[in-house]
Amino acid sequence: MARWLRCWLEKQHQLRPSTRKAYADHVRLHLIPYLGRIELTELAGRDIARMFAMLAGRLNRYGEPIASSTLHRIRATLRAALNAAVREGLIASNPARVIRLPAHGGAVASGRRWRCGPPSSWPSSSPSRAATGCIRCGS
């Protein structure tokens, strides 16, 4: 997998620089460390599910769990790379297509969520205070 991921990434010339950087980060930080030693033709859904289970238990650079939106972007990068392998006839089907991740978290329908209190710039009478509160402490 490591060889294919690097090869696929090198072929991604049509992408915007920010997208290419995000793909490169996903490949370098997450995909190669977890899947790099598995042969492309041997990769199975269980390998990918195991990787996401391990990623979901990791902390980001801020000491918080990796956000579900980040996991979804990593899966999108992996699916793009594996779809290219299918198009090139290297594998018969994309094993990442069956992987289900938790729904995106974060904002809720009734308002925004913040971490440990609303922004200090909001006056107490602000209509924006009709939000759900802190996702850590509930205040």
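Let's start with a bit of sorting: Ala, Val, Leu, Ile, Met, Phe, Trp, Tyr, Cys and Pro count here as nonpolar, Asp, Glu, Lys and Arg as charged, and the others, Gly among them, as polar. With that in hand, the lining of the largest pocket divides into 6 nonpolar, 4 polar and 4 charged residues. Keep in mind as you look around that this is a predicted model.

So where is this pocket? The space in the largest pocket comes to about 420 Å³. It is lined by 14 residues, and the ones closest to its centre are Leu29, His30, Asn60, Arg61 and Thr70. Find those five in the structure and you're looking at the middle of the pocket. Two helices are worth tracing from here: α2, running over 17-35, and α4, over 68-87, each supply at least two residues of the lining. Which helix gives the most to that lining? That would be α2, with 5 residues.

Stay with α2 for a moment, and turn to its charged side chains. Side chains of opposite charge can pair when their charged atoms come close. The structure holds 4 salt bridges in all, and Asp25 is a good place to pick up the trail. Asp25 forms a salt bridge with Lys21, and their closest N and O atoms are 2.7 Å apart. Both residues sit in helix α2, 4 residues apart, which is about one turn of the helix.

Asp25 has another partner, too: Arg28 forms a salt bridge with it, the closest N and O atoms being 3.1 Å apart. Why are these two about one helical turn apart? Because Arg28 and Asp25 are 3 residues apart in helix α2. And is Arg28 buried or exposed? Arg28 has a relative accessible area of 51%, so it counts as exposed, the cut-off being over 50%.

Now hop over to helix α3, residues 45-56. Here the side chains of Arg50 and Asp47 meet in a salt bridge, 3.4 Å from N to O. Arg50 and Asp47 are 3 residues apart in α3, so about one helical turn separates them. Their surroundings are worth a look as well. Arg50 is partly exposed, because its relative accessible area is 46%, while Asp47, at 12% relative accessibility, counts as buried.

One last thing ties the α2 story together: salt bridges that share partners join Lys21, Asp25 and Arg28 into one network.

Note on methods:
Residues numbered from 1 in each chain as written. Predicted model: local features only at pLDDT ≥ 70, side-chain atom pairs only at ≥ 80, totals over all residues. Heavy atoms only, no water. 1 Å grid on protein atoms, 1.4 Å probe; cavity = no way out; pocket = protein on both sides within 12 Å on 5 of 7 lines; lining within 4 Å. Points joined across faces, edges and corners; volume = space filled by probe spheres on them. Buried < 20%, exposed > 50% of the residue type's maximum accessible area, 1.4 Å probe, protein only.
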